[in-house]
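Thanks for coming. I have one model to go through today, and I will keep to a handful of local points. Please bring up the sequence and the structure.

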Amino acid sequence: MLALVPWILTHPGVTIPELAARFEIDAREIERDLELLPMCGLPPYTADRLIDVWVADDGAVSLRLAEYFERPLRLTPAEGIALVAAGHALLAVPGADREGPLASALDKVEDALGARGGVAVDVGDARDLAQLQEAVAARQQLEIEYYSFARDEMTTRVVDPARVFHAFGEWYLAAYCHSAQADRLFRVDRIRSVRATGEVVEAPSVPAGTDGDLGELVYQPQPDDLRVTLRLEPDAAWVAENLPTESVTPRARGRVDVVLPVSALGFLERLVLGLGPAVEVLAPPEAREVVAAAAARVLSRYEPGR
Amino acid sequence: MTDRVERLVNLTATLLDTRRPLSLEELAERLEPAYPTEKSARRRAFERDKETLRDLGVPVTVETVDGLGGEPGYRIRPDDYYLPDLGLTADERAALHVAITAVRLVGGAGREGLRKLGGFEGTAAVPLAELEATPALPDLFDAVTKRRVVSFEYRGEPRRLEPYGVVHRFGHWYVVGRDQERQAPRAFRVDRIEGAPAYGDAAAFVSPPDVDPAEYLRADPLTYGDEQPVQAQVLVDASRAAWVVDELGEAVVTERRADGAVVVELSVVNRSAFRTWVLGLLEHAEVLAPEELRRDVVEWLRGLTGVAR
């Protein structure tokens, strides 16, 4: 609420609907807050020491004697880092205007926080990122060569690109895949080549959306995906946060059990081999066997004929 | 509920208005709606209000003042409270609006921050990127801006860091700076800090001029860490060779074999990151040298082939 006061003081005549739009606060909430303000001020709360609010017939809001709230409250560290990180991240995306208003805004915010040179954001530079973003914007159909790790093969597909986004440290292309006849997510760094087919796509079948968790777009567990139960030592507990687990159950001594839907066994093999003694596959038995077999296969390169 | 909001606004105004710190008794005399008269209830109510204000970013300072007989005195120093006028233009505000809607710091307070800067100018962007965030990040960022030494446990060892910056790379946040004990630059993954860090006083050190925090994290995640680097040779099968070369660059290739396999050479400091990377290639890669890294991988795998645990 106090965030609005400086704006009202410097923009006399602003109306409640305008305030609601600018600050994305419900108009009724603003009205309630404005009703509250006249009771606020300084001791002894006599008429000359209270905040005066009046709303004119045409809806214009005016404030008097609120000089203590004339200037905005400073940014908290959480607000500061959110603004600065977002600014740097957007400037790191290919095609960003590094001399434009975002760059100058970021300089001003950083100066106010004393954070100049204190934050750097790298969102990775996948090779065809700019071309994919253009294709989404221009609704161009694409033919892509894509390496599927799960199936250990290179595939060529025709796709209708809907969205390019970055989550969990990687760039993804959400698109309708004509080979699969379904919406698919492709990791941009596994796309070996991109070619426009010349066709224009009607409208994205994958909803562009303006809210919602980008992370949720990344992996949609299917009902018939294998559910694997892993017991994680404290060292590996970060897995519970970074992967789309279905359940997380804390156990004694900092361990944690998770149920993870797995669509490609190769993924499970790589995950467990990478974590080593920090993870135990509890169930199902076939998952334990798959992992042990993978470890044996890799070991046989080092100890052939053992 | 509204009583409390009123009191919070009045408390803020009173603490800003005063020229000297005020004791709780003095505040209780002045504020409306009044605090409870019973002493401990009054203290509890005030402490709650103070916490709420602090959570909002209102910097209530506590000072012991002689004139108050040893009682703590409270006020808000105007310089601490107010945002200096940034002089943001409408275009700049619109650009920030696009930035915080295009890029979301998970659990972040970008929207609140933008409200303080004058609200949501222009149109929102379609979400483009999500950055991981960890609970320690805002306080570490604060330590960077205020130049506070940070102490924390990392891989079981106590560390003391002069933080020069926070860096987001490979999907994770790192705090970088100078390790006071080792007297050397270091980078630490924020989500691997064990427990809650402790922060020292502000202005405790001087950052080197023109520090680039990204430099502290060399390009390869395999190369940050404490141990001496070793040169590793890895044989990668034809089926994965193209990918590995794409990922690491042509310069790492030391040999190309007739069957399409390649031998690559890597500078390794972080052994566990290296092991994770090699094992990610499953049976399509083999550590050729040095013997210590090869042995490390074999021991690791042997531990995994015993299914019954």
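I will start with a proline in chain B. Pro290(B) sits in the loop that runs between strand E13 (285-289) and helix H10 (291-305) of chain B. The bond leading into Pro290(B), from Ala289(B), is a cis peptide bond, with omega near 0 degrees. Keep in mind that this is a predicted model.

Chain A has a cis peptide bond to show as well. There it joins Ala283(A) to Pro284(A), and omega is near -10 degrees. Pro284(A) belongs to the loop between strand E12 (279-283) and helix H10 (285-302) of chain A.

Next, two residues with a positive phi. Glu24(A) is not a glycine, yet its phi is positive, about 50 degrees. You will find Glu24(A) in the loop between helix H2 (16-23) and helix H3 (27-36) of chain A. Is Glu24(A) buried or exposed? Neither: burial takes 20 or more other C-beta atoms within 10 Å and exposure 12 or fewer, and Glu24(A) has 13, so it counts as partly exposed.

In chain B, Arg147(B) is also not a glycine and has a positive phi of about 60 degrees. Its loop connects helix H7 (137-146) to strand E5 (150-154) of chain B. Arg147(B) has 19 other C-beta atoms within 10 Å and is therefore partly exposed.

Now the interior. The largest nonpolar core contains 90 residues, and those with the most contacts inside it include Ala85(A), Ala86(A) and Leu140(B). Helix H4 (residues 77-92) of chain A is the top contributor to this core, giving 9 residues. What does Ala85(A) touch, once neighbours within four places in sequence are set aside? In chain A, its contacts are Val119(A) and Val121(A); in chain B, they are Leu105(B), Leu131(B) and His168(B). There is also a second, separate core of 41 residues, with Val228(A), Ala241(B), Val264(B) and Leu282(B) among its members.

Last, confidence in chain A. The mean pLDDT of this chain is 81, and 82% of its residues reach 70 or more. Among the chain A elements, helix H5 (residues 101-113) has the highest mean, 94, and helix H7 (residues 214-218) the lowest, 56. Over residues 205-212 of chain A, pLDDT is below 50, although the stretch makes 15 contacts in the model beyond near neighbours in sequence. Predicted coordinates should not be read in detail where pLDDT is low.

That is what I have. Questions, please.

Definitions and conventions. Residues are numbered from 1 along each chain as its sequence is written. Chains are lettered from A and ligands numbered from 1 in the order in which they are written. This is a predicted model: local features need pLDDT of at least 70, side-chain atom pairs count only at pLDDT 80 or more; totals for chains, interfaces and linings use all residues. A nonpolar core is a set of buried Ala, Val, Leu, Ile, Met, Phe, Trp, Tyr and Cys residues joined through C-beta atoms within 7 Å. Helices (H or I, at least four residues) and strands (E, at least two) are DSSP runs, numbered from the N terminus. Two residues are in contact if their C-beta atoms, placed from the backbone, lie within 7 Å. pLDDT is the predictor's confidence in each residue, from 0 to 100.
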